[in-house]
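Subject: Structure for your review

Dear colleague,

Please find below the sequence and structure that I am handing over to you. I would be grateful if you would look through them before reading my notes.

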Amino acid sequence: MNGSIRILLVGYPRVFRGNMKSQTGSSVGDHCVPVKKTKVTVSKSPCMPPPKAAVSKAAKKSKVVNSAEPKEVETVASESSDTGDSDSDHIEAATTDVVPSPTRKRKRTSKYWAEFQEVLIKGKTHGECKHCKRNIGAESKNGTSSLRKHLNSCMAYKRAQQQINQMFLKASETQDGSVVAYNFKFNQEVTRDCIARMIILHELPFSFVEYIGFRRVLTSLQPNIKLVKRNTTKSDCIRIYQMEKKHLYDIFSKVQSRISLTTDMWTCTTQNRGYMALTAHYVDEEWKIQKRILSFNVVDVQHTGVNIAKVLMEQLYKWNIDRKIASITLDNASTNKVVVSELLAQLKPDNGLLLDGELFHVRCSAHVVAIIVDHGMLQIKEEIHKIRNSVKFIRGSPQRQQKFKEVCLQVNAPDKKLIQDVDTRWNSTYLMLETALLFREAFNRFGKIEPDFLNVAPTSEDWNNASSLSICLKVFYEVTILFSGTSYVTVNRYFDTACSLYLELREWCDSDDALISKMAVNMMKKFERYWQLTSKIFAIASILDHRFKMKLLDYYFPLIYPGNSEEKKLEVMEVLKRLYNEYATNYASSAHVYSANISTNQVNMEDSVGSSGSTLSSQSSFTSRRKGLTAFMEESSQHDVVRTDLEQYLSADVHPIRKGSGIDLNDSSFDVLGWWKFHGPMYPIVAVIARDILAIPASSVASESVFSTSGRVVDKFRSSMLPETIEALICTQDWIRSALKNEGYGLGSTSLQTLLEAMEELESDDDDATSHIV
């Protein structure tokens, strides 16, 4: 009908009673019929207002309910049997038992509501099961326990879940090669955890989870997945950090070996803040070298030695490892001397440092090498000036680079790019010279087609100097690579390498090449200074390498100390014996100590001889001989037992070397810890010493490499990130990578060249920014 309106009447009696009159005056009382659920249409005629009887209390209630309009209620229309006047519209009552609940101000948070539709029944909130359509009472004051109980017993719900599980099948291969398929149940929480770990591991922004492409991938894999926002992902990452931190704390509480530390400072230029990285190194129960970043915390105070030591001690107490420290490896910054003295003052009294802290401070070998080379390079800057300028000239414009590339094709030069060095970084200078030497012919030809290049083109003498310098610098570069490892033992490799370097420098000093001789003389001055500070601890580590034991000292010391090599060897052995006695006292009460063993053995032998003499004078010759034999056997046995673990270890043969095969000390695949795992029970005390000493890192590169990661995490686009979040991301990434590595996942390792270049850039930034903070 035109101009009609629809009224939903709720709660009417089954029949109308009253004297409602139609437009013509006829009574509707005679036309009462039973009422079904219906939609009632009332004429909007100006002559007849809606009857008051129709606006009942139930109708008002229905009007309120429908004002929210959650959804349209389905009703069943009932045709009237009245055949009266066609101009009058009959009004019939409508009733309903279930009404959808009006829109709530707060969203339902319980997971059970996902399986129910909220409805109102007689003014009370109910949940209509989406599977069996049963209504369950769900008043907010009663909670959702009734909904949960219903789902546990709802067969329709269980059948639906089984159908979902059957949609996901996972195949696995058995030992006999056959493939077995089984149900796979999707877990929302596991998926969120995996996404958060992916964000941490691959240094992705939190907003990655909001990328439309990533969301479409997820929904294509699992349409029912609940997508999360960046803030939720950030919270997940912090939760994982706290969980992994607790797990690492439990590991440190159980670890039996001592822990060695490395640390370094970095200034973030995007935030103008100083950060300190602290890394722990130890050997686990499987005799595998382990490295974990303990903290990457901001240091807002002045970077003095006292303040740095205070921050370090706070971390040691927080991790409860202050009584397990073996050493700390630091670079050669002047503040680190104060750091070491402050740490010794706090750790010495109660924490039992090795030899009362005598072996505590280890200087970073990579920094020592850098200092030695930098000191020598100061004297030869002019000799490589033209090589540097020629590389800069070619790289100065795209047109020159294109011309040079064409020339390289003509002379069959290697397909590489020229490297521009940083004149304050020796390793970049070496890489520049090494690469430029490959293009020597191309450089000469390029000067013929580019006249301006002749002003900076290297001469033959320049090329010869570059060749000589490249050979020398290559030795130091390879040594730096060796010392910078973090996945293998490095401390046992230092002594042999340093001795070889010393002898090489001594030969260079006497070289006929004036350039090499001048450089080597300056290098030797620095080398002798730092060699005196580091030789003993590294010599002990080389003795604990069963391939050499005392052989390295026997070979190198006569060459380095021609007049007093035996005295130098005794100095090293004296430190090793004192270290052994300390371990024997602490780890085994029955272990033999050097000074006590000798005197005890002598006393026992004197007593035995005296008793044997008295026996011989009082008994027959036959009996005396038998008792004398018994005494001799006892004394011989005692003499064998009295040998210490260290004596037995040193007297045993070294690791066999096949004749003519040689031995490669730079072979990082050789597992010295694996040997100790197998042979440790034969030398229990020495094995404990080896476990602690071989865990000492030869360099602090492990901590410095953290700054490469932090430079990517805290870039200019994320400079407002909180320090606590930065620490959580960097530490957790290291812990996840270590766990994956232990599980056999090959994550790949950053090349040393890339690592050194990143470190150079960061150290350069640090040099520029330190003056503003320190």
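The notes below set out what was found, beginning with the whole protein and then turning to single residues.

**Overall picture and confidence**

Please bear in mind from the outset that this is a predicted model. The protein has 774 residues, of which 45% are buried. Its elements comprise 26 helices and 13 strands. When contacts with a separation of 6 or more are considered, 70% of them are between residues 24 or more positions apart.

The mean pLDDT of the protein is 76, and 68% of the residues score at least 70. The elements vary in this respect: helix α6 (residues 230-254) has the highest mean pLDDT, 95, while helix α19 (residues 594-618) has the lowest, 38. Two stretches deserve your caution. Over residues 1-96, pLDDT stays under 50, and the model has 120 contacts beyond four places in sequence for them. Over residues 595-619, pLDDT likewise stays under 50, and here the model has 14 contacts beyond four places in sequence. Where pLDDT is low, the predicted coordinates should not be read in detail.

**Cavities**

How many cavities of 30 Å³ or more does the structure hold? There are six of them. The largest cavity contains about 90 Å³ of space. It is lined by 13 residues, and those closest to its centre are H281, G485, Y488, T490 and P697.

**Cysteines**

A search of the whole structure finds zero disulfides. The pair C129 and C132 shows the reasoning well. From the sulfur of C129, the closest cysteine sulfur is that of C132, at 3.6 Å. Since a disulfide requires the two sulfur atoms to be within 2.5 Å, this separation is too far for a bond. The converse also holds, as the cysteine sulfur closest to that of C132 belongs to C129. The surroundings of these two residues may be contrasted: C129 is buried, at 0% relative accessibility, whereas C132 is partly exposed, at 33%.

**The loop between α16 and α17**

Two residues of this loop are worth finding in the model. H546 lies between α16 (514-543) and α17 (551-560). Is H546 buried or exposed? Its relative accessibility is 1%, so it counts as buried. The side chain of H546 makes a polar contact of 3.4 Å with the side chain of W675. H546 and L650 are 104 residues apart along the chain, yet their C-alpha atoms are separated by 8.8 Å.

K549 is found in the loop between α16 and α17 as well. K549 also counts as buried, with 3% relative accessibility. The phi angle of K549 is near 55 degrees, which is a positive value in a residue other than glycine.

**Q733 and E203**

The next pair links a helix to a loop. Q733 is part of helix α25 (residues 723-742), and E203 sits in the loop between α4 (188-201) and α5 (212-221). Their side chains are joined by a polar contact of 2.9 Å. Q733 is buried, at 7% relative accessibility, while E203 is partly exposed, at 21%. The cut-off explains the two labels: buried means under 20% relative accessible area, and the 21% of E203 therefore leaves it partly exposed. For E203, phi is near 55 degrees, a positive value in a residue other than glycine.

**F439**

Finally, please look at F439, which is placed in the loop between α12 (426-437) and α13 (440-449). With a relative accessible area of 1%, F439 is buried. Which residues is F439 in contact with, leaving aside its neighbours within four places in sequence? They are F404, C408, A413, P414, K416 and L418. V411 is 28 residues from F439 in sequence, and the distance between their C-alpha atoms is 9.1 Å.

When you examine the model yourself, you may wish to start with these residues and then turn to the stretches 1-96 and 595-619, where pLDDT stays under 50.

Yours sincerely,

A colleague

How values were computed: Residues are numbered from 1 along each chain as its sequence is written. This is a predicted model: local features need pLDDT of at least 70, side-chain atom pairs count only at pLDDT 80 or more; totals for chains, interfaces and linings use all residues. Side-chain values use heavy atoms; hydrogens and water are left out. Buried means under 20% relative accessible area, exposed over 50%, partly exposed in between (1.4 Å probe, protein chains only). Helices (H or I, at least four residues) and strands (E, at least two) are DSSP runs, numbered from the N terminus. A polar contact is a pair of N or O atoms within 3.5 Å; within protein, one must be able to donate a hydrogen and the other to accept it, and residues adjacent in sequence count only if both atoms are side-chain atoms. pLDDT is the predictor's confidence in each residue, from 0 to 100. Contact means heavy atoms within 4.5 Å. On a 1 Å grid over the protein atoms alone, a cavity is a set of points where a 1.4 Å probe fits but cannot get out, and a pocket is an open set with protein on both sides within 12 Å along at least five of seven lines; lining residues have an atom within 4 Å of a point. Grid points are joined across faces, edges and corners, and a volume is the space filled by probe spheres set on the points.
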